[in-house]
Each structure stands twice: as structure tokens, then as C-alpha cells.
Amino acid sequence: MSIIFDPADRGASQNAAQGHVAQGGAVQNGAVQEIPASVRNAVELNPTSGTQGSAASSGNQPDAPAAPTWRYEVNTPEEFQKFVQLSSQGAVIFALYALHSPSSLQMLEGVQKLVDSAAGSMICAAVDVTKLPEAAQAFGVSGVPAGVAVLAGRPAPIYTGPVSAEDLGDVLSQVLQLAAQYQLPGGFDPVVPDDEKPLPPLHAEAVAALDRGDLEGARAAYRKAITENPGDKEAKLGLEQVELLSRVKDLDMATERVAAAADPMNIEAAFNVADLDLVGGHVEDAYNRLLRLFSAVGPDDKARVRERLVQLFDVVGASDPRTVKARAALTMALF
């Protein structure tokens, strides 16, 4: 299995690719040629070697640190362009997937293992096309699974549909060999786990306020963070969590359940029980209660129930399987 790639005129091709990404259009391959015969005997990638193998051998040591990974999540057009630009340093492997496609998730896992075995010579840029359809459009991809290697801004498709682990390893080895020929050695840093990243000052202030039970102080810190950076998703999530805690702090579960059972159309009671269920870890119960309520109320109240559901989705997380299922149910109920 071989790829078609021509990283000639690296600077010009990178500028062109970035321009197409910014516009959301298809990235142009320009003049292409078959991969040179001189690089067909590329180095072998092994998903169980290097750091992965070390992790496996230390499986009986529960305190051993997790093996490093070079898989990065790409969620916004700005992040997409950032990783295209990083291809001037080394190979960036864009793995396009969707949660509803098991084969794309399997391919993503395969790409990640091989990239991790390269230990920084390349990186895996994982793109959920349902969240960032612009990425699929930029590469001219119409479905998943799909993979695109980018070197110096020049893209080359490496798979469209499932391929064997052997073929995938072969083509990524060729990508590495090409990167070496064009003096793009990589040297990428692994992903820093979230629990090792220092909190931004305002986030730390909010967490400290929550630790001492000061909901108003936490709310003020998160709001200030959002004012300073309207795109701060973590601050928005933190604020949603603070609002949830504020709503439930004076509620009595037994009283609210009685009120909700006595009148299934009591929106406030349903909201309160759903909030309490969520705080107690009963996520599906909270979602199902509000989904039933959404179907039962009149048109004037549907927007209100939908807004509360979306708030709970944000608190739990958009990628959580329970949220994905509930959001799909809500979408179906809208039509």
C-alpha cells in the first residue's frame, strides 16, 4: 500500500493549505506523484513497541504512570489550522471519525497506537466530523473512516474506509520516511494529561471558592474568566456546574419527588428532581424525566424544557454516550 504525495515547494503548499482551511473549502493536492521507490522500504512501526511495550510490561504496577500519547483532539477550525501549521515540523496524521461509526473508531485507535509507537516523530490529530464538518470539507472527505497525512501543509489521503493494521503501519512508515527526506523530523511533545496541567488563575480561584462552599465567589470567578475569554469552554462548563449546585443546595429530595409524582406536568418539580438526580449520579434518570416532560408539555413550554436539557448536556459532557443518546432522542422529539 502506498500513498500519493508531493511535498515540493513546502512553503507555498503550506500557505495554500492554510488558506483553504480558513475558507472551509477543499484542500487542493496540486501536482502529485507516486511515492518514490527509494522510500518503499520504510522503517517499521510497531504499536506494541517503545513506550507502549513498556507500559504493557509494567501492567502489574498500578502506580506506574500512563504511557504517553501523541493523539490530540481537534475541535475547532482554529485548532484545525494550528495542526496544519504544525506539519511544517513533522507529519500530522488527521484521523477523521464519528461516534456513530464503529469502524472509524477502530481506525482511530489503530492510528493512535502506531503514532504513539513513533514517540513524537508524528502526531495524530483526531477529528470528530460531526463536531467539525469543516475538516472533512477541507480535505474533500465525504465519509468516515478517513485518514489524511499532512507534511509541510501538503495533504495526502492515506485511507478511506477500513484498512488492515499491516497496511496502515506500512503507509505510516512511508510517511515517516518522506518526512525524514524532507527534513521534517517531528520532535513533537506528547499530550499533557489534564490532571497535570496547571489551572488558569481565575479557574483556580473558582475551584478554591467551591472548596470552601462559596458558590457566589466561584460564579464571579468563572464569569470573569468568560468575560476575558468568551471562548473559554472550561469556564462555561464550570459556571453551568455552579448554577446546578446553586439550584439544588436548598432542595429536599423526598419533597421534590412527592411533588413531581403528584403532578407529572409540574415543570419546576420535574426540573428539581432532574437536577438532584444529576448531582446524585443518576444521569439517565435525569435525562429521561425531562425527555418525557418535553413530549408531554405544550408548545409554549417546550423551549423551556429543551433549554434545561441542553444545560444538563453541557454539565455531563457532549461526548458522554448518555448525552449522545439523549440528544438524539431530543432531536427526534422535535420533529
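# Notebook: helices 9 to 13

**Whole chain**

I began with the surface. The accessible surface of the protein chain comes to about 17,200 Å². Carbon and sulfur atoms hold 52% of that area. I note here that the model is predicted. I then looked up the secondary structure and found 14 helices and five strands in the protein chain. The protein chain has 335 residues, and 41% of them count as buried. I also checked how far along the sequence the contacts reach. Among contacts with a separation of 6 or more, 71% join residues 24 or more positions apart.

**Helix 10 against helix 11**

Next I took up a helix pair. Helix 10 covers residues 253-262, and helix 11 covers residues 267-279. I read an angle of about 135 degrees for their packing, with the axes 8 Å apart. That angle is why I enter helix 10 as oblique to helix 11. The crossing of helix 10 with helix 11 is left-handed. I listed the residues that make the contact. Helix 10 supplies Met253, Glu256, Arg257, Ala259 and Ala260. Helix 11 supplies Ala269, Asn272, Val273, Leu276 and Asp277.

**Asn272**

I stayed with one residue from that list. Asn272 belongs to helix 11. Is Asn272 buried or exposed? Its relative accessibility is 15%, so I count Asn272 as buried, the cut-off being under 20%. Which residues does Asn272 contact, leaving aside neighbours within four places in sequence? I found Leu251 and Glu256. With Glu256 there is a polar contact, side chain to side chain, at 3.0 Å. Glu256 is also among the helix 10 residues that touch helix 11. I looked up Asp252 as well. Asp252 lies 20 residues from Asn272 along the chain, and their C-alpha atoms are separated by 9.3 Å.

**Helix 11 against helix 12**

I then turned to the other partner of helix 11. Helix 12 spans residues 283-296. The axes of helix 11 and helix 12 come within 7 Å and cross at roughly 160 degrees. I therefore enter the two helices as roughly antiparallel to each other, since angles over 145 degrees count that way. The crossing of helix 11 and helix 12 is left-handed. From helix 11, I noted Ile267, Ala270, Phe271, Val273, Ala274, Asp277 and Leu278 in the contact. From helix 12, I noted Val283, Asp285, Ala286, Arg289, Leu290 and Leu293. Val273 and Asp277 appear in the contact with helix 10 and again in the contact with helix 12.

**Val315**

I moved on to helix 13, residues 299-316, where Val315 sits. Val315 has a relative accessible area of 16%, so it is buried. What does Val315 touch, not counting residues up to four places away in sequence? My list reads Leu237, Glu240, Gln241, Leu244 and Leu278. Leu278 is also among the helix 11 residues in contact with helix 12. How far apart in space are Val315 and Leu244, C-alpha to C-alpha? I get 8.5 Å, for a pair 71 residues apart in sequence.

**Ser246**

My last entry is in helix 9, residues 233-248, which holds Ser246. Ser246 is at 18% relative accessibility and therefore counts as buried. I again set aside residues up to four places away in sequence. Ser246 then touches Leu215 and Arg219.

Notes: Residues are numbered from 1 along each chain as its sequence is written. This is a predicted model: local features need pLDDT of at least 70, side-chain atom pairs count only at pLDDT 80 or more; totals for chains, interfaces and linings use all residues. Side-chain values use heavy atoms; hydrogens and water are left out. Helices (H or I, at least four residues) and strands (E, at least two) are DSSP runs, numbered from the N terminus. Buried means under 20% relative accessible area, exposed over 50%, partly exposed in between (1.4 Å probe, protein chains only). Contact means heavy atoms within 4.5 Å. A polar contact is a pair of N or O atoms within 3.5 Å; within protein, one must be able to donate a hydrogen and the other to accept it, and residues adjacent in sequence count only if both atoms are side-chain atoms. Accessible areas come from the Shrake-Rupley method with a 1.4 Å probe; for residues, only the protein chains shown count as cover. Axes are lines fitted to C-alpha atoms, for helices over the stretch in contact, and angles run from 0 to 180 degrees between N-to-C directions. Angles under 35 degrees count as roughly parallel, over 145 as roughly antiparallel, 65 to 115 as roughly perpendicular and the rest as oblique. A crossing is left-handed if the near helix is turned anticlockwise from the far one by less than a right angle, and right-handed if clockwise.
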